[in-house]
Structure formats: C-alpha cells, structure tokens
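Hi everyone, thanks for making time this morning. I'd like to walk you through one model, and please have the viewer open while I talk.

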Amino acid sequence: MFRIEKIGDSHFYVKVLGTFPPSVAERFITEFNESTKAFKNFSVIVDGVDLIILNLKSFRLILDFLKKNNKKLVRSAYIIAGNPVLDKEAQILLDRAASPKRKIVDNLDEAKEWLGLSEIIIEKD
C-alpha cells in the first residue's frame with residue numbers, strides 16, 4: 001500500500017506500507033507520474049518506516065522509475081529506520097539510480113532539512 005500527498009508547492013510525501021508487490025509498484029508509478037506531471041521539478045519524502053521488503057521485480061520497476069525521474073528531481077529523502085535489510089536494499093537502489101539528490105535519513109526532521117522545508121503538515125488517515 002502507499003499514499004501520495006502534496007505537502008508544498010512542488011513537494012510530495014509518499015507513505016509506503018507493508019510489502020510492495022509488482023502490481024502495487026506499477027500502480028504507484030502511474031499515480032506518482034500523474035501527480036507530478038504538471039511540475040517542471042519536484043522534491044519528495046518517502047516514508048518507508050512501515051515498509052517490509054521489496055519484491056525483486058518491484059525493485060527493478062522502482063529503479064527504472066527513479067532513473068527516469070533524475071532530471072525532474074530536486075531532492076528526495078528516504079526514511080527507513082529500524083530495518084537493516086530494507087536499509088541495505090534501499091542503499092543499493094539509490095546507488096544504482098545514480099543521483100546525489102537522493103538520501104537515506106533516519107526521521108522526518110532530517111528529511112525536512114534535506115529538502116529545505118521548515119514545516120509540513122501530513123494528513124492522518
């Protein structure tokens with residue numbers, strides 16, 4: 001599961017939950033592209049604290065997606081805390097996406113700092 005939320009002029013927050021099978025990865029890519037298509041550039045916080053693990057096919061889909069977004073991306077922060085396996089997986093993913101604009105952080109405050117945001121409001125379900 002995932003949720004995409006606009007949190008600023010060209011800033012987005014993505015919450016990812018549970019597993020991320022290929023069907024969900026494909027739906028995420030479609031919805032994220034739709035959400036950002038009107039923007040010349042964007043930044044994003046990806047909250048993966050509740051993500052369990054990526055399926056290998058999902059990993060490849062997301063990697064291709066990240067590479068395609070390198071030109072439009074200003075900065076992105078990935079919050080992945082308390083899951084050493086996922087932390088390693090995310091680091092490999094970001095290394096292969098080849099962009100210094102992406103960073104793994106420990107919490108929302110570090111993510112805000114990396115994106116240059118002083119305050120954000122995230123809607124709760």
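Let me start with a puzzle for you: by about how much of a helical turn are R27 and E31 separated in helix α1? Before I answer, a quick reminder that what you are looking at is a predicted model.

So, the answer. R27 and E31 are four residues apart in helix α1, which covers residues 22–36, and that puts about one helical turn between them. Their side chains meet in a salt bridge, with 3.7 Å from N to O. For those of you thinking about solvent, R27 is partly exposed at 42% relative accessibility, and E31 is partly exposed too, at 36%.

In general terms, side chains of opposite charge can pair when their charged atoms come close. In this model the count comes to six salt bridges, and I'll show you two more of them.

One is between D50 and K15, where the closest N and O atoms are 2.8 Å apart. Have a look at where the two partners sit: D50 is in strand β3, residues 42–54, and K15 is in strand β2, so this pair ties together parts that are 35 residues apart in sequence. Is K15 buried or exposed? K15 is buried, with a relative accessible area of 13%, since the cut-off for buried is under 20%. D50, on the other hand, is partly exposed, with a relative accessible area of 39%. And if you bring D47 into view, you'll see a network of salt bridges linking K15, D47 and D50.

The other one joins the side chains of E5 and R3, at 3.5 Å from N to O. Here E5 counts as buried at 10% relative accessibility, while R3 is partly exposed, with a relative accessible area of 23%.

Staying with charge for a moment, please rotate to D87, D106, E110 and E113, which form a negative surface patch. Within that patch, E110 belongs to helix α4, residues 108–115. Why does E110 count as partly exposed? Because its relative accessibility is 32%, which falls between the limits of 20% for buried and 50% for exposed.

From D106 we can jump to N55. Those two are 51 residues apart in sequence, and their C-alpha atoms are 23 Å apart in space. N55 lies in the loop between β3 and α2, and at 34% relative accessibility N55 counts as partly exposed.

Now for the aromatics, my favourite part. How many aromatic pairs does a search of the whole structure find? The search finds nine. One of them is F12 with F32, an edge-to-face pair with 6.0 Å from centre to centre and 65° between the planes. This pair links distant parts of the chain, with F12 in strand β2 and F32 in helix α1, 20 residues apart. Both F12 and F32 are buried.

Then there is F20 with F28: the ring centres are 6.0 Å apart and the planes are at 65°, so this pair is edge-to-face. F20 is buried, with a relative accessible area of 4%, and F28 is buried as well, with 9%.

Let's zoom out and put those rings in context. Ring pairs link F2, F12, F20, F28, F32, F39, F42 and F65 into a cluster. That cluster includes both of the pairs I just described, F12 with F32 and F20 with F28.

Two C-alpha distances to finish, and both take us back to the sequence. T19 is found in strand β2, residues 11–20, and T19 is partly exposed, with a relative accessible area of 46%. T19 and F32 are 13 residues apart along the chain, and their C-alpha atoms are separated by 18 Å. Now select I62, which lies in helix α2 and counts as buried at 9% relative accessibility. I62 and I29 are 33 residues apart in sequence, with 7.7 Å from C-alpha to C-alpha.

That's my tour. Thanks for listening, and I'm happy to take your questions.

Key:
Residues numbered from 1 in each chain as written. Predicted model: local features only at pLDDT ≥ 70, side-chain atom pairs only at ≥ 80, totals over all residues. Heavy atoms only, no water. Helix = DSSP H or I, 4+ residues; strand = E, 2+ residues; numbered from the N terminus. Buried < 20%, exposed > 50% of the residue type's maximum accessible area, 1.4 Å probe, protein only. Salt bridge = Lys/Arg side-chain N within 4 Å of Asp/Glu carboxyl O. Patch = residues over 30% accessible without salt bridge, like charges linked within 9 Å, V, L, I, M, F, W, Y side chains within 5 Å. Areas by Shrake-Rupley, 256 points an atom, 1.4 Å probe, with all protein chains shown as cover. Lys, Arg positive; Asp, Glu negative; His and termini not counted. Charge placed at Lys NZ, Arg CZ, Asp CG, Glu CD. Phe/Tyr/Trp six-rings, centres within 6.5 Å; stacked < 30°, edge-to-face > 60°.
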